[in-house]
Each structure stands twice: as structure tokens, then as C-alpha cells.
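Here is a short briefing on helix packing and burial. Please keep the structure open while reading.

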Amino acid sequence: MSMKKESPWDVQLHLAALRGDTERVTRLLDTGRVHVDCRDKDGTTPLILAAAGGFVDCVRELLLQGADPKARRTTGTTALFFAAQGGFLDVAQVLLDNGAPVDSASVDGGTPLFVACQCGHLDVVKELVNRGAKVNTFMKDRATPLFIAAQNGHLKVLLFLLTQGADPEPRRTDGATPLWIAAQMGHDHIVRQLLKVGAKVDATRHDGATPLFKAAHKGHTAVIEELLKFKPNLGLLPNGESALHAAALFGQVAVVKQLLAAGADPNLHNQEGATPLQLAKEAKHTSVVEYLSSRWASANGAATPAQ
């Protein structure tokens, strides 16, 4: 929609709301020269600015003066979205009491619940769900609030969402599950919890990588410790590699030791016919090369492995 040019009065009202200067907001509105919902080029209203700053008194005053709690920026985000993002429970409550739509989504599908989960604001998450926010809603890429909580390592939020009937294993459009993303990010406490509620240990992303493969690539030993309790696939994966290949290729010597101790085969060839040792040599990861060579030597009576 086309925005008419902002007047100097509009600019003044926006600045006052941005600072949470309630007195100035009231004075400006009393002049009658400025509309309570005047917008800037991004469609931002004074109410949205006050909510984003956590200024509850200013939010109350704007609502009293007729500000629209449903107003959206051009990206589709509302005042409630910004209150949720900032973790401002009091602001969120006032907006909801005044008819702010709890699940109003932005253009990418994000709702206030998403940003509250992303930022780990448990009290706001609870309030939104109690007011009817849908826990199994999803964004354009099919990520859910639980997925976002897992990705950002927010265990309490994740546990709460599970009690509210959130699906523990929704898949993003690339096939990633919350377990997969938590493993990639190194959130071992999230990984432990998801496995406990039955998440599939080897749920692959569309490229054929498992949570173990991703954790091995990134060097997340604590995550791997949790995954190993659930007997993940140590062999060749649908992507033509093993977790040991990933650890060797990226020089993760601690992971190499961990996987070998768990029974991974150091002589396994990937789909290109290379062993983990060969990958480590090509990538010049000396510590991995030394470790794998010594393991090979001790297993084969000190002979050097075939190149």
C-alpha cells in the first residue's frame, strides 16, 4: 500500500513513542494534528514502537486514544509480535486485553509465539498459549515454535510446549527435525530431552545427513554422547558418508576417538571409496591422521595402513 509522506507531527509522535515519553505522546495527540495510528514508510505505528520498547504506560495511553492493536507493519508484524520478541509480558497482556490478535502472522509465517520461543521468554510463551496461540503452527519453511526453541537451546520453553501438545518431531521443508537442528547447534540438553520423548535418533535431513553426522562434523562431543545412548547408525548413511568420515574430514579428533570407542569402523570406505584416514590426510588434519594411524598400527601389528 502506498504511504503518504509523514508530516513533521507524525515524526514527533513516532519519536515520543520510541522513547516511551507518554506525556509528550498525549500532548501531541491533544493537538488534533496527528493521527494516533500514523505510519512511517515501513508501516510502523506509534503503538508498535512503544510495544517494541516495552513502554507499558505509553502502550496503555495509545490504546486509550484509539490506537489499533491489529495494525501491521508492511512485513505483517504487529505490536504484540514486538512485545513478545522483547519479552515484555506486561505489554503483551495489555495488548491481548485490548483485542490484539494472538496468532497474527508476519509474511514469513512468524507469530508472536515464534519470537517468544526464539528468544526464550517462557512467561510470554505461557501467556500466549493460555490466550489461545497455536503451538503447532508453522512458518513458510515449516519450522514450528518447538523447532525454533530447540534450535535456540531453550529447554524450559521446549518442555512447556511438549506439555501443551507440541509435535516433538515436525520436519522443516529441508527435512530437518528439532533433534537434527539441536544436534547441529550443540544443544546437548535439548538433544537429551527430545530423545527421551521418542525423537528418532537417525531422522535424516533431505541430503541424507543424520543428527550424529552433523554433530560429528561440528565437533559437538556432548551431543554425540547423548546420541550414542540411542544406538545411532555409525555406518554409511544415505549421503554416502559416515559420521566418522565427517569427524575426520573436519579434524574433530575428540569425536574420532568417541566414535571409534563406540564401535565405528575406521576402515569404512565412503561412496567415493575413501577411508576416514584418507580424508584427514587430504584435509591435512595431522592430529586425526596420527590418531587413526596409531589405532591402525596397534590393530595390525605396527604395519602402516595401505594408502
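The points below cover three helix pairs, two helices with buried residues, an aromatic pair and one loop residue.

This is a predicted model. Two packed helices are described by the angle between their axes and the distance between the axes.

**α5 with α7**

- Helix α5 spans residues 79–86, and helix α7 spans residues 112–119.
- Their axes lie 7 Å apart, at an angle of about 15°.
- Angles under 35 degrees count as roughly parallel, so α5 and α7 are roughly parallel to each other.
- The α5 and α7 crossing is right-handed.
- On the α5 side, Leu-80, Phe-81, Ala-84 and Gln-85 make the contact. On the α7 side, Pro-112, Val-115, Ala-116 and Cys-119 do.
- By class, this contact of α5 with α7 has seven nonpolar residues, one polar and no charged.

**Aromatic pair**

- How many aromatic pairs does the structure hold? There is one.
- The partners are Phe-81 and Phe-82, in an edge-to-face arrangement.
- Their ring centres are 5.5 Å apart, with 75° between the planes.
- Both Phe-81 and Phe-82 are buried.
- Phe-81 also belongs to the α5 contact with α7.

**α10 with α12**

- Helix α10 covers residues 155–163, and helix α12 covers residues 188–196.
- The angle between them is about 20°, and the axes are 10 Å apart.
- That angle makes α10 roughly parallel to α12.
- α10 crosses α12 in a right-handed sense.
- α10 contributes Leu-155, Leu-158, Leu-159 and Leu-162. These meet His-189, Ile-190, Gln-193 and Leu-194 of α12.
- The contact of α10 with α12 counts six nonpolar, two polar and no charged residues.

**α13 with α14**

- Helix α13 runs over residues 211–218, and helix α14 over residues 221–228.
- Their axes are 9 Å apart and pack at an angle of about 155°.
- Angles over 145 degrees count as roughly antiparallel, so α13 and α14 are roughly antiparallel to each other.
- The α13 and α14 crossing is left-handed.
- Pro-211, Leu-212, Ala-215 and Ala-216 of α13 meet Val-223, Ile-224 and Leu-227 of α14.
- The contact of α13 with α14 has seven nonpolar residues, no polar and no charged.
- Just after α13, Gly-219 has a positive phi of about 80°.

**Burial in α13 and α14**

- Why is α13 largely enclosed by the rest of the structure? Seven of its eight residues are buried.
- The buried residues of α13 are Pro-211, Leu-212, Phe-213, Lys-214, Ala-215, Ala-216 and His-217.
- These buried residues of α13 pack against α11, α14, α15 (243–249) and α16.
- In α14, the buried residues include Val-223, Ile-224, Glu-226, Leu-227 and Leu-228.
- Cover for the buried residues of α14 includes α11 (178–185), α12, α13 and α16 (253–261).

**A loop residue: Thr-275**

- Where is Thr-275 found? Thr-275 is in the loop between α16 and α17 (276–282).
- Is Thr-275 buried or exposed? Its relative accessibility is 12%, so Thr-275 counts as buried. The cut-off for buried is under 20%.
- Neighbours within four places in sequence aside, Thr-275 is in contact with His-245, Pro-266, Asn-267, Leu-268 and His-269.

Technical notes:
Residues numbered from 1 in each chain as written. Predicted model: local features only at pLDDT ≥ 70, side-chain atom pairs only at ≥ 80, totals over all residues. Heavy atoms only, no water. Axes fitted to C-alpha atoms, helices over the stretch in contact; angles between N-to-C directions. Helix = DSSP H or I, 4+ residues; strand = E, 2+ residues; numbered from the N terminus. Parallel < 35°, antiparallel > 145°, perpendicular 65-115°, else oblique. Left-handed = near helix turned anticlockwise from the far one by under 90°. Contact = heavy atoms within 4.5 Å. Nonpolar A, V, L, I, M, F, W, Y, C, P; charged D, E, K, R; others polar. Phe/Tyr/Trp six-rings, centres within 6.5 Å; stacked < 30°, edge-to-face > 60°. Buried < 20%, exposed > 50% of the residue type's maximum accessible area, 1.4 Å probe, protein only.
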